[in-house]
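Here is a friendly walk through some aromatic rings, charges and cysteines. Have the sequence and the 3D view open as you read.

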Amino acid sequence: MDHEWPPIVPLMAVDLPPFPVEALPPVLRRFSEEVAESYQVPVDMPAMLTIATAAVPLAKYLRIRIGPDWSEPCNVYMAIASPPANRKSPVFATVTKPLFKFESESAKAIAAKANHARMKRDALSGKHKQAQKKAEQANPEDIDHAIREIEEIEKEMPDIPKATRLIADDVTPEKLANLLAEHDGKMAVMSAEGGIFESIAGRYSNGMPNLDVYLKGHAGDNMRVDRIGRDPESIDSPALTIGLAVQPEVLQGLASKPGFRARGLIGRFFFVMPKSMVGSRKTETLPIYPDTRVKYECLIGDLLDLFHRIGDEGQPATKYLTLKTDALQLFHQYCQSIEKELGPGGSMEMATDWGGKLAGGVARVSAVLNAVKHPNAPWDSKVSFETISEAIMIGDYLQAHALSVFQLMGADPSINDAQHVLEWIQRERITEFSVRDVHAVHRSRFEKSRDIQPCLNILEERGYIQLCHDTEYKGSGRKPSPRYVVNPNL
């Protein structure tokens, strides 16, 4: 029997789309391109990190309103998977430099005030101890007076001002919750390593995962933080931003970690897996031009300054973005297209936890792009049709990468089964087989022969095998098992 064979489609995506750098505003686009050129890395890496970096100052205090009962904050979760020797650390340091610079300048600005407050508290602590001792020894009729004296001293004790903290690295979930409580419910986890996933999975808590702070920090659900020796604290609308550059191995098996997928943590991340340039990099490269670097760092600095001074008495206040009419129509059309892909047979059928949050993620990206375009007062400029179009371009790029990463994580059992059967076919150099043959060899994986069919359908759809239709069934005996031939081009 002659077979016409279609081209083989790899089970694991090989050629993923590059980042649509044209979707970035000019300052981010130029900076990302020059960082990519200077360090010889895919532009995806600096481009995605610039979005995460720009989101840090916007988180909590800027939201985009899409409907009467639907608004999204601007914080994002992203993980960029890149093999070793791809210069993740220097790229990470270059892109996030404005955040660390702001932290450093904040610490210097309050250093003198903090030192003065600390010395005053030390001076008053002696009086406070004496007053407490006096109250302990006072007669019943003098206790009220002694307590008032203690209260007066406590009123004089100044709070020690804290420098603005923006970033944490390898932090436990418990410590991260404390940091959110101490810094107005706003924090970012930015790291060139993937240890944070192990911390979430319970590396420091005997294997007991602690996901709450990450789930609530993305959605903005109110949190309560309990600390030893202090009253519980309530965090209203916490906003956590995450930007990670990790090795692909970190993502393998992520979906199988307890609670990671079932509770929706994985569905909150933008996953990106750019093509490695190792082996084709240039040794003589163009630098990041000073003007480009200054414009980028000033942009991030302006956004940080803006969202630390608006509101009453210098306290930030939440502002809302809205969309122009044509932009809103385009966004709703995009939402409908996503909905179709989530249904049976759709591209995101096996990743509905991620796909169900894609529209909200695109809205967040559009808010970041709008703020970058209008850094002085983003809320005064409605999100345009152009900006939504650019965010959708990024959304399409993220969708392709996420589906590939989900396969890497083992999130689709049928793909994993198909990969397993394919390895058997190649290892044994099989040219033709039946379903019973597969079941006989893989009984530990497939309980019943009918459990094999989904993965065989995938292999057939991808051009690896074809069902034999010329097998005739004669007689009353056992019906022969369906047979498949293997693509000789394999």
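A residue counts as buried when its relative accessible area is under 20%. With that cut-off, Cys455 is buried, since its relative accessible area is 1%. Please keep in mind that this is a predicted model.

## Cysteines

How many disulfides does the count come to? It comes to 0 disulfides. A disulfide needs two cysteine sulfur atoms within 2.5 Å. For Cys74, the closest cysteine sulfur belongs to Cys335 and is 16 Å away, which is too far for a bond. Cys74 is also buried, and its relative accessible area is 0%. Cys455 is likewise in no disulfide, with the sulfur of Cys468 as its nearest cysteine sulfur at 16 Å.

## Aromatic pairs

Now to the rings. The count comes to 9 aromatic pairs, and two of them are set out here.

| Pair | Centre to centre | Angle between planes | Geometry |
|---|---|---|---|
| Tyr77 and Phe269 | 5.3 Å | 55° | tilted |
| Phe271 and Phe406 | 6.4 Å | 75° | edge-to-face |

Which parts of the chain does the pair of Tyr77 and Phe269 tie together? Tyr77 belongs to strand 3 (residues 77-81) and Phe269 to strand 9 (residues 269-272), so this pair joins parts that lie 192 residues apart in sequence. Is Tyr77 buried or exposed? Tyr77 has 1% relative accessibility and therefore counts as buried. Its partner Phe269 is buried too, with a relative accessible area of 2%.

The pair of Phe271 and Phe406 links a strand with a helix: Phe271 sits in strand 9 and Phe406 in helix 13 (residues 385-409), so the parts tied together are 135 residues apart in sequence. Here again, both Phe271 and Phe406 are buried.

These two pairs also belong to one picture. Tyr77, Phe269, Phe271 and Phe406 are members of one aromatic cluster, and Phe197 is part of that cluster as well. Strand 9 supplies Phe269 to the pair with Tyr77, and strand 9 also holds Phe271, the partner of Phe406. If you colour these residues in your viewer, you can follow the cluster from strand 3 through strand 9 to helix 13.

## Charges over rings

Two side chains with a charge are worth finding as well. Which ring has Arg65 over its face? That ring is Tyr320, and Arg65 lies at 4.1 Å from the ring centre. Lys319 lies over the face of Trp379, at 5.2 Å from the ring centre.

Conventions: Residues are numbered from 1 along each chain as its sequence is written. This is a predicted model: local features need pLDDT of at least 70, side-chain atom pairs count only at pLDDT 80 or more; totals for chains, interfaces and linings use all residues. Side-chain values use heavy atoms; hydrogens and water are left out. Rings of Phe, Tyr and Trp (its six-membered ring) pair if their centres lie within 6.5 Å; planes under 30 degrees apart count as stacked, over 60 as edge-to-face and the rest as tilted. Helices (H or I, at least four residues) and strands (E, at least two) are DSSP runs, numbered from the N terminus. Buried means under 20% relative accessible area, exposed over 50%, partly exposed in between (1.4 Å probe, protein chains only). A charge sits over a ring if NZ of Lys or CZ of Arg is within 6 Å of the ring centre and within 35 degrees of the ring normal.
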